[in-house]
Structure formats: structure tokens, C-alpha cells
Amino acid sequence: AQGPPPPGYPERGGSYATSASPQPGPPPSSPSGRERTQAQDGAGGGTAEKERRPDRPAALVVTGCSHGTVGGIVRGTFTLTEDNHGKPVYKKDTQANGLDVMLYFWDDRDGPGFCGWWFGPKVGGDQVWAY
């Protein structure tokens, strides 16, 4: 069983990481790692094919985050790319420091402290910029 995020990590409810470098994210939920597509999520996960659903905008714009470095990474236009844990995944239209910026949802399979929306260079990766 997983506990809450380590000290120094954002708590549930949203905040931002204190560094522009990707920070360790939620732990792997399996020995093969957390990276998975909707097709790998099994029952209820659907397929890896994109479905146009009215509750999932094709793009969104992230504003806010006054942190001098992290704000520049997470602010911008994001385009729908896939699903993860039954929610949409968005990819920023521009890279940050040569890395993709993904906005994705992680469910409570690793504990309630890891459930929420994450910004990181890849879906389910070990590093994140914001939660």
C-alpha cells in the first residue's frame, strides 16, 4: 500500500513543484512501471483509439501558476492526445526545455495521495512538475 506523497511534494488539492526540473512522481503500480494507455487499463478503460466526446474538449488553455519557472512550463495550450485512467490526456503544443509537457489524471490505485491531475514529461512517469 502506498502512503501520502513524500515530504515536499504537493498535497491533494493542487499546488506546484518547487523546481523547474521534473520531480519524482507517483510510484509505479506494477513491476513493469506505471506507463499505460487506456487500452492497457482493462475493463472500463476503453480503447486506445481517440473518441470525440463532448465532455472532453479537443484543446484547453492552462493559465495561472505564478511560480517563476514552473509557471512557464505548465502555462499554454494543450491538445487532447489519448486517455489515461478514464480521463483525457493533453499534450502542450510546445516543449519545455526539450521535453514534452503532458497533463494527465492518475486515479487512486496508488492511494488517495496520488489521485489527481499531474503535469509531467510523460504520462505516468516518475518525474512531474506540478500536481
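Here is a short walk through this structure, one selection at a time.

**The whole chain.** Before clicking on anything, keep in mind that you're looking at a predicted model. Show it as a cartoon and trace it from the N terminus: the elements run β-β-α-β-β-β-β-β, giving one helix and seven strands. Now switch on the surface. It comes to about 7,000 Å² of accessible area, and 51% of that belongs to carbon and sulfur atoms. Underneath, 42% of the 131 residues are buried. If you like drawing contacts, take those between residues at least 6 apart in sequence: 45% of them join residues at least 24 apart.

**The sheet.** Next, select strands 2 to 6. Together they make an open sheet of five strands in the order 2-3-4-5-6, paired antiparallel. Which strands sit at its edges? Those are strand 2 (59–62) and strand 6, each of which pairs on one side only. Turn the view a little and look for the twist, which averages 35 degrees from one strand to the next.

**Strands 3 and 4.** Zoom in on residues 76–84, which are strand 3, and residues 87–92, which are strand 4. The two run antiparallel, with six bridges joining them. For a landmark here, pick Leu80 and look across: Tyr90 in strand 4 stands opposite.

**Trp117.** Now head over to strand 6, residues 116–120, and select Trp117. Is Trp117 buried or partly exposed? Its relative accessible area is 35%, so Trp117 counts as partly exposed, since that class lies between the 20% and 50% cut-offs. Show what surrounds this tryptophan, skipping its neighbours within four places in sequence, and you'll find Trp117 in contact with Lys87, Pro88, Leu103, Tyr104, Phe105, Ala130 and Tyr131. Try a distance label on one of these pairs: from C-alpha to C-alpha, Trp117 and Tyr104 are 5.5 Å apart in space, while in sequence they are 13 residues apart.

**Asp110.** For the last stop, follow the loop between strand 5 (102–106) and strand 6, and select Asp110 there. Why does Asp110 count as buried? Because its relative accessible area is 5%, and buried means under 20%. Show side chains as sticks and look for Trp106: its side chain makes a polar contact with the side chain of Asp110, at 2.7 Å.

Terms used
Residues are numbered from 1 along each chain as its sequence is written. This is a predicted model: local features need pLDDT of at least 70, side-chain atom pairs count only at pLDDT 80 or more; totals for chains, interfaces and linings use all residues. Side-chain values use heavy atoms; hydrogens and water are left out. Helices (H or I, at least four residues) and strands (E, at least two) are DSSP runs, numbered from the N terminus. Buried means under 20% relative accessible area, exposed over 50%, partly exposed in between (1.4 Å probe, protein chains only). Contact means heavy atoms within 4.5 Å. A polar contact is a pair of N or O atoms within 3.5 Å; within protein, one must be able to donate a hydrogen and the other to accept it, and residues adjacent in sequence count only if both atoms are side-chain atoms. Accessible areas come from the Shrake-Rupley method with a 1.4 Å probe; for residues, only the protein chains shown count as cover. Two strands pair if DSSP finds at least two bridges between them. Axes are lines fitted to C-alpha atoms, for helices over the stretch in contact, and angles run from 0 to 180 degrees between N-to-C directions.
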